[in-house]
Amino acid sequence: MAAHTHLSERSLVRKFRQATGTGIVDWIARERVERAKTLLETTDHLVADIAALVGFGSAESLRRCFVKHVGVCAYRAKVRPTRPSGGNHG
């Protein structure tokens, strides 16, 4: 990213934090979690599939990040409590 913006890494990190109030890695993680929330709310994809779709290496890394940023792990059960039975998708 730094080379693309013609900045040093240090300058990019500083300017990014000034603009967003957060670091690049944390911002990316939050964006991935937000996309995962949307997919959990609107699809029946497996958690592992959603993790891959939004850029996490595993369902477990998605779960850890979800707990850190949202405060819950079983998000789908919270936002879609009346799902038809047929397996645990997250």
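**Figure 1. The whole chain at a glance.** Of the 90 residues in the protein chain, 31% are buried, where buried means under 20% relative accessible area, exposed means over 50%, and partly exposed is in between (1.4 Å probe, protein chains only). This is a predicted model, in which local features need pLDDT of at least 70 and side-chain atom pairs count only at pLDDT 80 or more, while totals for chains, interfaces and linings use all residues. Residues are numbered from 1 along each chain as its sequence is written, and side-chain values use heavy atoms, with hydrogens and water left out. The protein chain has six helices and zero strands, so to speak an α-α-α-α-α-α pattern when read along the sequence; helices (H or I, at least four residues) and strands (E, at least two) are DSSP runs, numbered from the N terminus. Take the contacts (heavy atoms within 4.5 Å) between residues at least 6 apart in sequence: 42% of them join residues at least 24 apart.

**Figure 2. Helix H2 and its buried face.** H2 has twelve residues and runs 16 Å from its first C-alpha to its last, close to the 16 Å expected at 1.5 Å a residue; the expected span is 1.5 Å times one less than the number of residues. Ser11, Leu12 and Phe16 are the buried residues of H2. Looking down the axis of H2, these buried residues fall within an arc of 125°, so they line one face of the helix; the arc is that of the directions from the helix axis to the C-beta atoms. That fits the usual geometry: an α-helix has 3.6 residues a turn, so residues three or four places apart point the same way. What do the buried residues of H2 pack against? Their partners are helix H1 (2-5) and H3. Over on the other side of H2, Arg10 and Gln18 are exposed. Right after H2 comes Gly21, with a positive phi near 80°.

**Figure 3. Helix H5, from its buried side to the glycine after it.** At 1.5 Å a residue, the twelve residues of H5 (residues 59-70) should span 16 Å, and the end C-alpha atoms are 15 Å apart, which agrees. The buried residues here are Ala59, Ser61, Leu62, Cys65, Phe66 and His69. They cover an arc of only 155° around the axis, which puts them on the same side of H5. From there they pack against helix H3 (24-42), helix H4 (47-54) and helix H6 (75-79). Flip to the other side of H5 and you find Arg64 and Lys68 exposed. Gly71 follows H5, and its phi is positive, near 95°.

**Figure 4. Rings that meet.** How many aromatic pairs does a search of the whole structure find? It turns up two, counting rings of Phe, Tyr and Trp (its six-membered ring) whose centres lie within 6.5 Å, with planes under 30 degrees apart called stacked, over 60 edge-to-face and the rest tilted. Phe16 and Trp27 make an edge-to-face pair, 5.6 Å centre to centre with 80° between the planes. This pair links distant parts of the chain, with Phe16 in helix H2 (residues 9-20) and Trp27 in helix H3, eleven residues apart. Phe16 is buried at 16% relative accessible area, whereas Trp27, at 37%, counts as partly exposed. The rings of Phe66 and Tyr75 have their centres 5.2 Å apart and their planes at 55°, so that pair is tilted. Both Phe66 and Tyr75 are buried.

**Figure 5. Thr43 and Arg76.** Thr43 sits in the loop between H3 and H4 and is buried, with a relative accessible area of 15%. Its side chain reaches the backbone oxygen of Leu39 at 2.6 Å. Setting aside neighbours within four places in sequence, Thr43 is in contact with Ile50, Arg76 and Arg80. Arg76 belongs to helix H6; buried or exposed? Arg76 is buried, at just 1% relative accessible area. Though 33 residues apart along the chain, Arg76 and Thr43 have C-alpha atoms separated by 9.8 Å.

**Figure 6. Ala36 in helix H3.** Ala36 lies in helix H3 and is buried, with a relative accessible area of 0%. Beyond its neighbours within four places in sequence, Ala36 is in contact with Ile50, Val54, Leu62 and Phe66. Ala36 and Gly55, 19 residues apart in sequence, are 9.6 Å apart in space, C-alpha to C-alpha.

Terms used:
Polar contact = N/O pair within 3.5 Å; in protein donor to acceptor, adjacent residues only side chain to side chain.
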